[in-house]
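Me: I should like a close look at the salt bridges in this model, together with the surroundings of the residues that form them. Please give one connected account.

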Amino acid sequence: MRDGTSVDMRYLHWTGRRLLGTAELAKEPDNTDPLKEKNPEPSNQVQEAVDHSYYVSKMYGPRDRTSKDLWVNFDVMDKGKVKIHAILSTTHRQAASVSLSFDFPFYGHALQEVTVATGGFIYTGDMVHRMLTAAQYIAPLMANFDPSICRNSSVLYFDNGTALVVQWDHVHLQDNYNLGSFTFQAALHSDGRIIFAYKEVPVPVSWIDSTNHPVKVGLSDAFVVFHRIQQLHTDVHKRTIYEYHRVDLLKDQISSSTAVEMRPLPTCLQFPSCDSCISSQIGFQCSWCSRLQRCSSGFDRHRQEWVDSGCSSQSLLVAVNSSPTERQCGSLSLLSVTSNKGTTEGLAAQQEKEEIEEGKAHAGLIAGILLSLLSMTTVVMVTFYLYHHPTSTVSLFFLERRPNHWPSMKFLQGSGNPAYAEVEPPIQEKEGFVVIQQC
(Lines give C-alpha, C1' and ligand atoms only; values in the text may rest on other atoms or scores of the structure.)
Protein backbone atom coordinates (compact mmCIF):
# COMPACT_ATOMS: atom_id res chain seq x y z
CA MET A 1 0.00 0.00 0.00
CA ARG A 2 3.03 2.27 0.13
CA ASP A 3 4.60 3.52 -3.06
CA GLY A 4 7.22 6.17 -3.66
CA THR A 5 5.93 7.20 -7.05
CA SER A 6 4.29 10.57 -7.44
CA VAL A 7 0.54 10.88 -7.50
CA ASP A 8 -1.33 13.44 -9.57
CA MET A 9 -4.62 13.98 -7.77
CA ARG A 10 -7.13 14.38 -10.56
CA TYR A 11 -10.60 13.06 -10.19
CA LEU A 12 -13.09 12.48 -13.00
CA HIS A 13 -16.71 12.06 -11.96
CA TRP A 14 -18.25 9.38 -14.18
CA THR A 15 -21.38 9.29 -12.09
CA GLY A 16 -23.66 8.52 -15.02
CA ARG A 17 -27.36 8.61 -14.48
CA ARG A 18 -28.82 8.33 -11.00
CA LEU A 19 -32.32 6.96 -11.12
CA LEU A 20 -34.95 7.05 -8.43
CA GLY A 21 -36.62 3.70 -8.16
CA THR A 22 -39.25 2.08 -6.04
CA ALA A 23 -37.78 -1.39 -5.90
CA GLU A 24 -38.14 -2.91 -2.47
CA LEU A 25 -35.20 -4.52 -0.72
CA ALA A 26 -35.62 -8.22 -0.09
CA LYS A 27 -36.53 -9.01 3.50
CA GLU A 28 -34.54 -11.61 5.35
CA PRO A 29 -35.64 -13.81 8.23
CA ASP A 30 -35.09 -12.77 11.80
CA ASN A 31 -31.69 -13.66 13.19
CA THR A 32 -30.33 -13.44 16.70
CA ASP A 33 -26.92 -12.39 15.46
CA PRO A 34 -26.79 -8.60 16.00
CA LEU A 35 -24.73 -8.29 12.82
CA LYS A 36 -27.67 -9.67 10.79
CA GLU A 37 -30.61 -7.54 9.78
CA LYS A 38 -34.16 -8.17 10.93
CA ASN A 39 -37.51 -7.76 9.25
CA PRO A 40 -38.60 -4.16 9.62
CA GLU A 41 -42.10 -3.28 10.64
CA PRO A 42 -44.04 -1.06 8.25
CA SER A 43 -43.35 2.55 9.07
CA ASN A 44 -43.70 5.87 7.38
CA GLN A 45 -40.11 6.49 8.48
CA VAL A 46 -38.79 4.14 5.79
CA GLN A 47 -37.90 5.81 2.52
CA GLU A 48 -38.29 4.19 -0.86
CA ALA A 49 -35.24 2.43 -2.24
CA VAL A 50 -32.97 4.72 -4.25
CA ASP A 51 -31.06 3.25 -7.20
CA HIS A 52 -27.49 4.56 -7.50
CA SER A 53 -26.55 2.28 -10.45
CA TYR A 54 -24.04 0.29 -8.37
CA TYR A 55 -25.98 0.28 -5.08
CA VAL A 56 -29.53 0.60 -3.82
CA SER A 57 -29.85 2.57 -0.60
CA LYS A 58 -32.65 2.65 1.93
CA MET A 59 -32.98 5.01 4.87
CA TYR A 60 -34.60 4.12 8.20
CA GLY A 61 -35.81 6.87 10.50
CA PRO A 62 -35.43 7.12 14.28
CA ARG A 63 -38.91 5.70 14.96
CA ASP A 64 -38.41 2.64 12.80
CA ARG A 65 -37.43 -0.53 14.64
CA THR A 66 -34.96 -1.49 11.93
CA SER A 67 -32.76 1.48 12.84
CA LYS A 68 -32.19 -0.04 16.28
CA ASP A 69 -31.79 -3.55 14.87
CA LEU A 70 -29.06 -2.41 12.48
CA TRP A 71 -27.05 -0.89 15.31
CA VAL A 72 -24.40 -3.36 16.49
CA ASN A 73 -24.20 -3.32 20.25
CA PHE A 74 -20.59 -3.93 21.22
CA ASP A 75 -21.71 -4.73 24.76
CA VAL A 76 -22.89 -8.17 23.62
CA MET A 77 -19.89 -8.84 21.38
CA ASP A 78 -17.03 -11.14 22.28
CA LYS A 79 -14.91 -8.68 24.22
CA GLY A 80 -11.77 -10.57 23.27
CA LYS A 81 -12.41 -9.77 19.60
CA VAL A 82 -13.30 -6.10 20.01
CA LYS A 83 -10.19 -4.10 19.14
CA ILE A 84 -9.65 -0.54 20.23
CA HIS A 85 -7.05 1.08 18.04
CA ALA A 86 -4.71 2.87 20.40
CA ILE A 87 -3.25 5.29 17.85
CA LEU A 88 -6.47 6.18 16.06
CA SER A 89 -8.16 6.75 19.40
CA THR A 90 -5.58 9.34 20.46
CA THR A 91 -4.56 11.16 17.27
CA HIS A 92 -5.93 13.43 14.56
CA ARG A 93 -5.96 12.78 10.81
CA GLN A 94 -4.48 9.33 11.07
CA ALA A 95 -5.33 6.18 9.11
CA ALA A 96 -4.54 2.55 9.83
CA SER A 97 -4.85 -0.60 7.74
CA VAL A 98 -7.20 -3.35 8.91
CA SER A 99 -7.09 -6.84 7.41
CA LEU A 100 -10.43 -8.54 6.78
CA SER A 101 -11.11 -12.17 7.62
CA PHE A 102 -13.34 -12.39 4.52
CA ASP A 103 -13.52 -11.03 0.99
CA PHE A 104 -15.60 -7.87 0.91
CA PRO A 105 -17.07 -7.03 -2.53
CA PHE A 106 -16.93 -3.28 -3.18
CA TYR A 107 -18.13 -2.09 -6.59
CA GLY A 108 -17.61 -5.68 -7.74
CA HIS A 109 -14.02 -5.88 -6.45
CA ALA A 110 -13.03 -8.24 -3.64
CA LEU A 111 -11.17 -6.39 -0.88
CA GLN A 112 -9.06 -8.14 1.75
CA GLU A 113 -7.90 -4.97 3.48
CA VAL A 114 -9.29 -1.51 4.21
CA THR A 115 -7.91 1.62 5.86
CA VAL A 116 -9.77 3.11 8.81
CA ALA A 117 -9.38 6.87 9.30
CA THR A 118 -10.08 9.05 12.30
CA GLY A 119 -12.22 11.33 10.16
CA GLY A 120 -15.27 9.07 10.19
CA PHE A 121 -14.65 7.07 7.03
CA ILE A 122 -12.98 3.95 5.63
CA TYR A 123 -10.57 4.24 2.72
CA THR A 124 -10.84 1.35 0.24
CA GLY A 125 -7.97 2.07 -2.17
CA ASP A 126 -4.79 0.02 -2.34
CA MET A 127 -2.52 3.08 -2.60
CA VAL A 128 -2.34 5.35 0.42
CA HIS A 129 -1.82 9.03 -0.37
CA ARG A 130 -2.25 12.34 1.38
CA MET A 131 -5.82 12.92 0.22
CA LEU A 132 -7.76 9.86 1.29
CA THR A 133 -10.93 11.95 1.53
CA ALA A 134 -11.18 12.59 -2.22
CA ALA A 135 -12.26 9.19 -3.59
CA GLN A 136 -12.46 5.44 -2.85
CA TYR A 137 -14.15 5.73 0.51
CA ILE A 138 -16.98 4.37 2.63
CA ALA A 139 -18.13 7.34 4.69
CA PRO A 140 -20.87 7.03 7.31
CA LEU A 141 -19.99 10.58 8.38
CA MET A 142 -16.76 12.06 7.05
CA ALA A 143 -15.80 15.18 8.99
CA ASN A 144 -12.96 16.77 10.93
CA PHE A 145 -13.15 14.47 13.94
CA ASP A 146 -10.29 14.51 16.41
CA PRO A 147 -10.33 11.66 18.97
CA SER A 148 -7.29 13.11 20.72
CA ILE A 149 -9.17 16.02 22.27
CA CYS A 150 -11.28 13.81 24.53
CA ARG A 151 -9.95 10.93 26.57
CA ASN A 152 -13.20 8.99 26.19
CA SER A 153 -13.14 9.10 22.40
CA SER A 154 -12.13 5.93 20.61
CA VAL A 155 -12.08 4.14 17.27
CA LEU A 156 -12.84 0.44 17.64
CA TYR A 157 -13.80 -2.43 15.37
CA PHE A 158 -15.03 -6.00 15.43
CA ASP A 159 -14.70 -8.78 12.82
CA ASN A 160 -16.78 -11.94 13.26
CA GLY A 161 -15.77 -13.60 9.98
CA THR A 162 -18.73 -12.38 7.93
CA ALA A 163 -18.79 -8.68 8.79
CA LEU A 164 -16.47 -5.91 9.91
CA VAL A 165 -18.01 -3.22 12.11
CA VAL A 166 -16.09 0.01 12.73
CA GLN A 167 -17.35 2.41 15.38
CA TRP A 168 -16.33 6.00 15.97
CA ASP A 169 -17.29 6.40 19.60
CA HIS A 170 -17.83 9.75 21.30
CA VAL A 171 -15.67 11.63 18.81
CA HIS A 172 -15.68 15.43 18.65
CA LEU A 173 -15.08 17.89 15.84
CA GLN A 174 -11.70 19.53 16.18
CA ASP A 175 -12.88 22.94 15.00
CA ASN A 176 -16.15 22.90 16.96
CA TYR A 177 -15.88 20.84 20.12
CA ASN A 178 -18.96 22.43 21.71
CA LEU A 179 -21.32 20.79 19.24
CA GLY A 180 -21.05 17.58 21.26
CA SER A 181 -19.89 14.03 20.67
CA PHE A 182 -20.79 11.79 17.73
CA THR A 183 -21.18 8.00 17.85
CA PHE A 184 -21.79 6.06 14.63
CA GLN A 185 -20.83 2.85 12.80
CA ALA A 186 -20.07 1.39 9.40
CA ALA A 187 -20.66 -2.34 8.88
CA LEU A 188 -19.17 -4.14 5.86
CA HIS A 189 -20.80 -7.51 5.19
CA SER A 190 -19.37 -10.40 3.20
CA ASP A 191 -22.33 -10.26 0.79
CA GLY A 192 -21.44 -6.68 -0.13
CA ARG A 193 -24.04 -4.94 2.02
CA ILE A 194 -22.95 -1.73 3.70
CA ILE A 195 -24.80 -0.38 6.72
CA PHE A 196 -24.41 3.03 8.31
CA ALA A 197 -25.89 3.28 11.80
CA TYR A 198 -26.04 6.41 13.95
CA LYS A 199 -26.45 6.45 17.71
CA GLU A 200 -25.55 10.04 18.55
CA VAL A 201 -25.64 12.91 16.07
CA PRO A 202 -26.09 16.01 18.26
CA VAL A 203 -26.58 18.51 15.42
CA PRO A 204 -27.76 18.37 11.79
CA VAL A 205 -24.96 17.26 9.50
CA SER A 206 -25.48 20.39 7.41
CA TRP A 207 -24.24 22.43 10.38
CA ILE A 208 -20.79 20.82 10.27
CA ASP A 209 -18.17 23.13 8.83
CA SER A 210 -16.35 21.77 5.78
CA THR A 211 -13.70 24.49 5.54
CA ASN A 212 -10.87 22.40 6.99
CA HIS A 213 -12.19 18.96 6.09
CA PRO A 214 -14.73 17.56 3.59
CA VAL A 215 -18.10 16.52 4.99
CA LYS A 216 -19.49 13.51 3.12
CA VAL A 217 -21.95 10.69 3.62
CA GLY A 218 -21.81 7.92 1.05
CA LEU A 219 -19.51 5.85 -1.15
CA SER A 220 -16.97 6.45 -3.89
CA ASP A 221 -14.71 4.40 -6.15
CA ALA A 222 -12.05 5.27 -8.71
CA PHE A 223 -9.51 3.81 -11.10
CA VAL A 224 -5.82 4.65 -11.37
CA VAL A 225 -4.05 5.51 -14.64
CA PHE A 226 -0.27 5.20 -14.85
CA HIS A 227 1.85 7.66 -16.83
CA ARG A 228 5.55 7.24 -17.54
CA ILE A 229 7.53 10.47 -17.79
CA GLN A 230 11.21 10.62 -18.73
CA GLN A 231 13.21 13.12 -16.73
CA LEU A 232 17.01 13.31 -16.78
CA HIS A 233 17.35 9.89 -18.38
CA THR A 234 15.17 8.31 -15.72
CA ASP A 235 11.61 7.05 -15.87
CA VAL A 236 9.24 8.72 -13.43
CA HIS A 237 5.92 7.01 -12.86
CA LYS A 238 2.99 9.34 -12.36
CA ARG A 239 -0.40 8.16 -11.19
CA THR A 240 -3.69 9.89 -11.85
CA ILE A 241 -6.80 8.85 -9.97
CA TYR A 242 -10.18 9.20 -11.66
CA GLU A 243 -13.38 8.85 -9.67
CA TYR A 244 -15.90 7.02 -11.86
CA HIS A 245 -18.83 6.80 -9.43
CA ARG A 246 -20.10 8.27 -6.21
CA VAL A 247 -23.08 7.69 -3.95
CA ASP A 248 -24.08 10.86 -2.14
CA LEU A 249 -26.63 10.27 0.60
CA LEU A 250 -28.87 13.05 1.84
CA LYS A 251 -27.17 14.63 4.83
CA ASP A 252 -30.39 16.14 6.18
CA GLN A 253 -31.76 12.62 6.71
CA ILE A 254 -28.94 11.70 9.10
CA SER A 255 -29.73 12.08 12.80
CA SER A 256 -29.55 10.13 16.03
CA SER A 257 -31.07 6.61 15.90
CA THR A 258 -31.18 6.48 12.09
CA ALA A 259 -29.61 3.93 9.74
CA VAL A 260 -28.87 3.47 6.05
CA GLU A 261 -28.64 0.13 4.27
CA MET A 262 -26.93 -0.14 0.88
CA ARG A 263 -27.19 -3.31 -1.17
CA PRO A 264 -24.84 -3.92 -4.11
CA LEU A 265 -26.31 -4.23 -7.59
CA PRO A 266 -24.89 -6.69 -10.17
CA THR A 267 -21.81 -5.57 -12.07
CA CYS A 268 -20.15 -6.88 -15.22
CA LEU A 269 -17.23 -8.25 -13.21
CA GLN A 270 -19.38 -11.05 -11.79
CA PHE A 271 -19.84 -12.83 -15.13
CA PRO A 272 -17.19 -15.54 -15.62
CA SER A 273 -17.83 -16.41 -19.29
CA CYS A 274 -18.27 -14.59 -22.56
CA ASP A 275 -21.81 -15.80 -23.20
CA SER A 276 -23.07 -14.77 -19.76
CA CYS A 277 -21.26 -11.44 -20.09
CA ILE A 278 -22.66 -10.43 -23.47
CA SER A 279 -26.17 -11.67 -22.77
CA SER A 280 -26.34 -9.93 -19.37
CA GLN A 281 -29.04 -7.34 -18.81
CA ILE A 282 -28.04 -5.54 -15.62
CA GLY A 283 -28.08 -1.89 -16.58
CA PHE A 284 -24.46 -1.80 -17.76
CA GLN A 285 -23.08 -2.35 -21.25
CA CYS A 286 -20.90 -5.35 -20.49
CA SER A 287 -18.10 -6.34 -22.88
CA TRP A 288 -15.92 -9.43 -22.92
CA CYS A 289 -12.16 -9.14 -23.39
CA SER A 290 -10.74 -12.39 -24.73
CA ARG A 291 -7.17 -11.41 -23.86
CA LEU A 292 -7.98 -10.90 -20.19
CA GLN A 293 -10.85 -13.39 -20.05
CA ARG A 294 -12.78 -10.75 -18.18
CA CYS A 295 -16.17 -9.08 -18.38
CA SER A 296 -16.32 -5.35 -17.76
CA SER A 297 -18.16 -2.17 -18.58
CA GLY A 298 -14.84 -0.31 -18.71
CA PHE A 299 -15.58 1.42 -15.39
CA ASP A 300 -13.74 -0.46 -12.66
CA ARG A 301 -10.37 -0.57 -10.93
CA HIS A 302 -8.83 -2.64 -13.74
CA ARG A 303 -9.28 0.19 -16.23
CA GLN A 304 -5.55 0.52 -16.96
CA GLU A 305 -5.17 -3.19 -17.73
CA TRP A 306 -8.34 -3.10 -19.83
CA VAL A 307 -6.94 -0.30 -22.01
CA ASP A 308 -3.38 -1.67 -22.22
CA SER A 309 -4.73 -5.04 -23.42
CA GLY A 310 -6.71 -3.43 -26.23
CA CYS A 311 -10.05 -4.32 -24.68
CA SER A 312 -11.42 -0.85 -25.39
CA SER A 313 -10.83 -1.35 -29.12
CA GLN A 314 -12.52 -4.72 -28.99
CA SER A 315 -15.51 -3.22 -27.21
CA LEU A 316 -15.73 -0.52 -29.89
CA LEU A 317 -15.98 -3.15 -32.63
CA VAL A 318 -18.78 -4.84 -30.76
CA ALA A 319 -20.64 -1.57 -30.34
CA VAL A 320 -21.02 -1.19 -34.11
CA ASN A 321 -21.79 -4.84 -34.81
CA SER A 322 -25.35 -6.06 -35.12
CA SER A 323 -24.50 -9.38 -33.49
CA PRO A 324 -22.15 -8.64 -30.55
CA THR A 325 -22.43 -12.10 -29.03
CA GLU A 326 -21.15 -13.82 -32.15
CA ARG A 327 -18.41 -11.25 -32.75
CA GLN A 328 -17.04 -11.14 -29.24
CA CYS A 329 -17.41 -14.77 -28.27
CA GLY A 330 -15.80 -16.00 -31.47
CA SER A 331 -18.76 -18.05 -32.70
CA LEU A 332 -18.70 -16.25 -36.05
CA SER A 333 -15.82 -16.41 -38.49
CA LEU A 334 -16.00 -13.49 -40.87
CA LEU A 335 -13.90 -15.38 -43.43
CA SER A 336 -16.21 -18.37 -43.47
CA VAL A 337 -19.51 -16.58 -43.99
CA THR A 338 -21.12 -18.06 -47.08
CA SER A 339 -24.50 -18.03 -48.75
CA ASN A 340 -26.70 -20.85 -49.84
CA LYS A 341 -26.56 -19.32 -53.33
CA GLY A 342 -22.81 -19.49 -53.61
CA THR A 343 -22.68 -20.28 -57.31
CA THR A 344 -25.01 -17.49 -58.32
CA GLU A 345 -23.14 -14.99 -56.15
CA GLY A 346 -19.86 -16.19 -57.64
CA LEU A 347 -21.03 -15.48 -61.20
CA ALA A 348 -22.41 -12.13 -60.16
CA ALA A 349 -19.13 -11.27 -58.50
CA GLN A 350 -17.18 -12.17 -61.65
CA GLN A 351 -19.44 -10.04 -63.80
CA GLU A 352 -19.14 -7.17 -61.37
CA LYS A 353 -15.38 -7.49 -61.42
CA GLU A 354 -15.30 -7.20 -65.23
CA GLU A 355 -17.53 -4.14 -65.17
CA ILE A 356 -15.33 -2.50 -62.56
CA GLU A 357 -12.22 -3.12 -64.64
CA GLU A 358 -13.86 -1.56 -67.70
CA GLY A 359 -14.86 1.59 -65.85
CA LYS A 360 -11.96 1.71 -63.40
CA ALA A 361 -11.18 5.39 -63.81
CA HIS A 362 -14.80 6.45 -63.58
CA ALA A 363 -15.50 4.25 -60.58
CA GLY A 364 -12.38 5.48 -58.83
CA LEU A 365 -13.53 9.07 -59.12
CA ILE A 366 -16.98 8.25 -57.80
CA ALA A 367 -15.50 6.21 -54.96
CA GLY A 368 -13.24 9.09 -54.00
CA ILE A 369 -16.15 11.52 -53.86
CA LEU A 370 -18.30 9.10 -51.89
CA LEU A 371 -15.45 8.38 -49.50
CA SER A 372 -14.95 12.08 -48.82
CA LEU A 373 -18.65 12.60 -48.21
CA LEU A 374 -18.79 9.55 -46.00
CA SER A 375 -15.80 10.71 -43.98
CA MET A 376 -17.28 14.15 -43.42
CA THR A 377 -20.64 12.67 -42.45
CA THR A 378 -18.96 10.23 -40.07
CA VAL A 379 -16.97 12.98 -38.36
CA VAL A 380 -20.11 15.06 -37.86
CA MET A 381 -22.11 12.10 -36.55
CA VAL A 382 -19.34 10.93 -34.22
CA THR A 383 -18.84 14.43 -32.86
CA PHE A 384 -22.55 14.76 -32.24
CA TYR A 385 -22.68 11.35 -30.56
CA LEU A 386 -19.66 11.97 -28.34
CA TYR A 387 -21.08 15.31 -27.25
CA HIS A 388 -24.39 13.83 -26.15
CA HIS A 389 -23.04 10.48 -24.86
CA PRO A 390 -19.81 11.28 -22.98
CA THR A 391 -19.82 8.01 -20.99
CA SER A 392 -20.53 5.60 -23.86
CA THR A 393 -18.06 2.94 -24.98
CA VAL A 394 -17.22 4.86 -28.16
CA SER A 395 -16.57 8.04 -26.19
CA LEU A 396 -14.25 6.23 -23.80
CA PHE A 397 -12.34 4.77 -26.73
CA PHE A 398 -11.40 8.26 -27.94
CA LEU A 399 -10.95 9.64 -24.45
CA GLU A 400 -8.39 6.97 -23.62
CA ARG A 401 -6.26 8.21 -26.49
CA ARG A 402 -6.42 11.82 -25.41
CA PRO A 403 -5.88 11.70 -21.64
CA ASN A 404 -4.63 15.26 -21.51
CA HIS A 405 -8.05 16.47 -22.64
CA TRP A 406 -10.07 14.59 -20.06
CA PRO A 407 -12.23 16.89 -17.98
CA SER A 408 -10.66 16.75 -14.56
CA MET A 409 -10.17 18.76 -11.43
CA LYS A 410 -6.71 19.01 -9.96
CA PHE A 411 -6.34 19.08 -6.19
CA LEU A 412 -3.33 21.25 -5.44
CA GLN A 413 -1.39 21.46 -2.22
CA GLY A 414 -2.73 24.09 0.09
CA SER A 415 -6.26 23.82 -1.30
CA GLY A 416 -7.72 23.24 2.14
CA ASN A 417 -8.00 19.48 1.81
CA PRO A 418 -6.57 17.49 4.72
CA ALA A 419 -3.44 15.39 4.54
CA TYR A 420 -3.76 12.02 6.24
CA ALA A 421 -0.83 10.11 7.68
CA GLU A 422 -0.82 6.32 7.79
CA VAL A 423 0.05 4.46 10.95
CA GLU A 424 3.21 2.49 10.28
CA PRO A 425 3.31 -1.21 11.17
CA PRO A 426 3.20 -2.87 13.55
CA ILE A 427 -0.30 -1.53 14.16
CA GLN A 428 -0.70 -0.63 17.79
CA GLU A 429 -3.96 -1.98 19.03
CA LYS A 430 -5.21 -3.72 22.10
CA GLU A 431 -7.84 -6.35 22.53
CA GLY A 432 -10.53 -5.89 25.10
CA PHE A 433 -13.46 -3.73 25.98
CA VAL A 434 -13.63 -0.26 27.45
CA VAL A 435 -16.54 1.26 29.35
CA ILE A 436 -17.21 4.59 27.67
CA GLN A 437 -17.89 7.60 29.85
CA GLN A 438 -18.93 11.11 29.01
CA CYS A 439 -16.19 13.72 28.73
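Reply: The following account takes the salt bridges in turn and then turns to a neighbouring serine and a surface patch.

The model is predicted, and its structure holds seven salt bridges. In general, side chains of opposite charge can pair when their charged atoms come close.

One of these salt bridges joins Glu261 to Arg263, with 3.5 Å between the closest N and O atoms. Glu261 has a relative accessibility of 2% and therefore counts as buried. Arg263, at 15% relative accessibility, is likewise classed as buried, because the limit for that class is under 20% relative accessible area.

A second pair is formed by Glu305 and Arg294, whose closest N and O atoms are 3.1 Å apart. This salt bridge links distant parts of the chain: Glu305 belongs to helix 3 (residues 303–308) and Arg294 to strand 18 (residues 294–296), the two residues being 11 residues apart. Glu305 is partly exposed, since its relative accessible area is 35%, whereas Arg294, with a relative accessible area of 17%, is buried.

Glu261 and Arg263 also take part in a wider arrangement: together with Asp191 and Arg193, they are joined into one network by salt bridges that share partners.

A further salt bridge connects Glu243 with Arg246, where the closest N and O atoms lie 3.2 Å apart. Both of these residues are buried.

Glu261 also leads to Ser57, a residue of strand 4 (residues 55–60). Leaving aside neighbours within four places in sequence, the contacts of Ser57 include Glu261 itself, as well as Val260 and Met262. Leu249 is also among the contacts of Ser57, as are Glu48, Ala49, Val50 and His52. With His52 there is, in addition, a polar contact between the two side chains, at 2.7 Å. Ser57 has a relative accessibility of 5%, so this residue counts as buried.

The surface offers a contrasting setting in helix 7 (residues 360–388), where Leu365 is found. Leu365 has a relative accessible area of 55% and is therefore exposed, the threshold for that class being over 50%. Together with Ile366, Ile369, Leu370, Leu373 and Met376, Leu365 forms a nonpolar patch on the surface, and the accessible area of these residues together is about 610 Å².

Notes: Residues numbered from 1 in each chain as written. Predicted model: local features only at pLDDT ≥ 70, side-chain atom pairs only at ≥ 80, totals over all residues. Heavy atoms only, no water. Patch = residues over 30% accessible without salt bridge, like charges linked within 9 Å, V, L, I, M, F, W, Y side chains within 5 Å. Areas by Shrake-Rupley, 256 points an atom, 1.4 Å probe, with all protein chains shown as cover. Salt bridge = Lys/Arg side-chain N within 4 Å of Asp/Glu carboxyl O. Helix = DSSP H or I, 4+ residues; strand = E, 2+ residues; numbered from the N terminus. Buried < 20%, exposed > 50% of the residue type's maximum accessible area, 1.4 Å probe, protein only. Polar contact = N/O pair within 3.5 Å; in protein donor to acceptor, adjacent residues only side chain to side chain. Contact = heavy atoms within 4.5 Å.
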